[in-house]
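I opened a new notebook page for this structure. My plan is to look things up one at a time and write down what I find.

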Amino acid sequence: VAAQVGSVMPLAVRQSEMSAGSVLHGAGQCKPCAWFWRPQGCENGTECRHCHLCDTGAIKARRKAKATSLRTKGARGRRPPHDSKLMRL
């Protein structure tokens, strides 16, 4: 049973459902809804612009992957520290 705008299924019985933002889920280009898996749920229901098909850990996993990617890119862009002893030789 899909939740309409304004009605929220209890967390204990809530299952993934299509939402407007779920269209790109299969391509991996969706943005997970931060509210859908919380006890209060997403009040936008099927009209939500974020994905309701992503599992409970999707936001945390994507945030972690992005941080790792940024850290890796940042490390590659850094120059090695300047060592004045090498310059004197």
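**Entry 1: a term I need.** I call a residue buried when its relative accessible area is under 20%, exposed when that area is over 50%, and partly exposed in between. I also note that the model is predicted.

**Entry 2: Ser22.** I started with this serine. Is Ser22 buried or exposed? Its relative accessible area is 3%, under the 20% cut-off, so Ser22 is buried. I found Ser22 in the segment before helix H1, which covers 58-77. Next I looked up its polar partners. The side chain of Ser22 makes a polar contact with the side chain of Ser19, at 2.9 Å. A polar atom of the Ser22 side chain also lies 3.2 Å from the backbone nitrogen of His52. Then I set aside the neighbours within four places in sequence. Ser22 is then in contact with Glu17, His50, Cys51, His52 and Leu53.

**Entry 3: His52.** The Ser22 list sent me to His52. I found His52 in the segment before H1 as well. Its relative accessible area is 0%, so I wrote His52 down as buried. Which residues does His52 touch, leaving aside those within four places in sequence? I listed Ser16, Glu17, Ser19, Ser22, Cys33, Phe36, Cys42 and Gly45. Two cysteines in that list, Cys33 and Cys42, gave me the next lookup.

**Entry 4: the cysteines.** How many disulfides does the structure hold? I counted zero. Cys33 is in no disulfide, and the nearest cysteine sulfur, that of Cys42, is 3.8 Å away. Why does that pair not count? A disulfide needs the two sulfur atoms within 2.5 Å, and 3.8 Å is over that limit, so Cys33 and Cys42 do not form one. I checked Cys51 too. Cys51 is in no disulfide, and its nearest cysteine sulfur, that of Cys54, is 3.7 Å away. I then looked up burial. Cys33 is buried, with a relative accessible area of 6%. Cys51 is buried at 1%.

**Entry 5: Cys42.** I stayed with Cys42. Its place is in the segment before H1. Cys42 is buried, with a relative accessible area of 6%. Leaving aside the neighbours within four places in sequence, I found Cys42 in contact with Val8, Cys33, Trp35, Phe36, Cys48 and His52. I also looked up Ser7. Cys42 and Ser7 are 35 residues apart in sequence, and their C-alpha atoms are 8.7 Å apart in space.

**Entry 6: Asn44.** I ran a similar lookup for Asn44. Asn44 is in the segment before H1. It is partly exposed, with a relative accessible area of 43%. Asn44 and Val8 are 36 residues apart in sequence and 8.8 Å apart in space, C-alpha to C-alpha.

**Entry 7: the rings.** Phe36 appears in the contact list of His52 and in that of Cys42, and I turned to the aromatic residues. The structure holds one aromatic pair. Phe36 and Trp37 form it, edge-to-face, with 4.9 Å centre to centre and 80 degrees between the planes. How accessible is Phe36? At 4% relative accessibility, Phe36 counts as buried. Trp37 counts as partly exposed, at 23%. I then looked for charges over rings. The charged end of Arg14 sits over the ring of Phe36, 5.8 Å from its centre. Arg38 lies over the face of Trp35, at 4.8 Å from the ring centre.

**Entry 8: the whole protein.** I ended with the totals. How many helices and strands does the protein have? I noted two helices and zero strands. Buried residues make up 20% of the 89 residues. The protein exposes about 7,200 Å², and carbon and sulfur atoms supply 56% of that area. I also looked up the contacts between residues at least 6 apart in sequence. Of these, 61% join residues at least 24 apart.

Technical notes:
Residues are numbered from 1 along each chain as its sequence is written. This is a predicted model: local features need pLDDT of at least 70, side-chain atom pairs count only at pLDDT 80 or more; totals for chains, interfaces and linings use all residues. Side-chain values use heavy atoms; hydrogens and water are left out. Buried means under 20% relative accessible area, exposed over 50%, partly exposed in between (1.4 Å probe, protein chains only). Helices (H or I, at least four residues) and strands (E, at least two) are DSSP runs, numbered from the N terminus. Contact means heavy atoms within 4.5 Å. Accessible areas come from the Shrake-Rupley method with a 1.4 Å probe; for residues, only the protein chains shown count as cover. A polar contact is a pair of N or O atoms within 3.5 Å; within protein, one must be able to donate a hydrogen and the other to accept it, and residues adjacent in sequence count only if both atoms are side-chain atoms. Rings of Phe, Tyr and Trp (its six-membered ring) pair if their centres lie within 6.5 Å; planes under 30 degrees apart count as stacked, over 60 as edge-to-face and the rest as tilted. A charge sits over a ring if NZ of Lys or CZ of Arg is within 6 Å of the ring centre and within 35 degrees of the ring normal.
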